[in-house]
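User: I would like a close look at one part of this model, with the cut-offs spelled out. Please start from the pocket and work outward.

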Amino acid sequence: MFKKEIPPSSRSKVKSSVQRGLRQRFLETYPGFEPYIEEILPKKAQLDAVKFTPLFYQPLDGPPIPHLKLVHSFPSALPTVQIDRGAIRFVLSGAALMAPGLTSAGGRLPDADQKLEKGDVVAVLAEGKELACLVGVLKAGTEEIKEKKKGIVIDDGHYLGDGLWRMNLD
């Protein structure tokens, strides 16, 4: 899902020479579109450059999950857990989040009165950092994580530096 932003200050009209160059590069790259180019990029049509900002991503078998940039804009909107410094490099390389990263000295889970359940979407903070580094779905409740202290907590999430984060939609 994407949010379409078209503020007047960032909206720009694409000049005809740029439009011709765009058509030419498109057809060089995808020659099979030659018969349809007038439908796709008509010569006389005005093109506007717009910026898209991702808001969510949705796994095939789960709820829509907020993009990290949205989480950074509204940091108190999701419940949070915290990983210790040792888990940061693993999370940022795309590894599954393991319970020891949350149950060690630098990790933090909510108290029993604010416990989180399996299936809850959470933002994961890193020890010593202000913004979330991961957002994903818990595979176990926080009380179970505290009790077992092992196993996968989030196996698939959106993290800083992943493909969704690097997606350039400008």
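Which residues line the largest pocket?

Analyst: First, the ground rules. This is a predicted model: local features need pLDDT of at least 70, side-chain atom pairs count only at pLDDT 80 or more, and totals for chains, interfaces and linings use all residues. Numbering runs from 1 along each chain as its sequence is written, and side-chain values use heavy atoms, without hydrogens or water.

The lining consists of P59, D61, G62, P63, I65, V137, K139, I154, D155 and D156. A pocket here is an open set of points on a 1 Å grid over the protein atoms alone, where a 1.4 Å probe fits, with protein on both sides within 12 Å along at least five of seven lines; lining residues have an atom within 4 Å of a point. The space in the largest pocket is about 200 Å³. That volume is the space filled by probe spheres set on the points, which are joined across faces, edges and corners. By class, five lining residues are nonpolar, one is polar and four are charged. Pro counts as nonpolar, Asp and Lys as charged, and Gly as polar.

I154 leads from the pocket to the largest nonpolar core. Such a core is a set of buried Ala, Val, Leu, Ile, Met, Phe, Trp, Tyr and Cys residues joined through side-chain atoms within 4.5 Å; buried means under 20% relative accessible area with a 1.4 Å probe, protein chains only. The largest core has 21 residues, and I154 is among those with the most contacts inside it, along with I83, L97, V124, L134 and V153. Two or more residues each come from β7 (80-83), α4 (85-91), β9 (121-126), β10 (132-137) and β11 (152-154). Helices (H or I, at least four residues) and strands (E, at least two) are DSSP runs, numbered from the N terminus.

V124 touches I154 too, as well as V81, I83, L97, A132, C133 and L134, leaving out residues up to four places away in sequence. Contact means heavy atoms within 4.5 Å. A second, separate core of 11 residues includes L78, V121, A123 and L125.

V153 leads on to I145. With the same sequence exclusion, I145 touches V153, A99, T103, L109 and A140. I145 sits in helix α6 (residues 142-148). It counts as buried because its relative accessibility is 3%. I145 and T103 are 42 residues apart in sequence, yet 7.7 Å apart in space, C-alpha to C-alpha.

Finally, confidence: the chain has a mean pLDDT (the predictor's confidence in each residue, from 0 to 100) of 87, and 89% of its residues reach 70 or more. Over residues 1-6, pLDDT is below 50.

Note on methods:
Buried means under 20% relative accessible area, exposed over 50%, partly exposed in between (1.4 Å probe, protein chains only).
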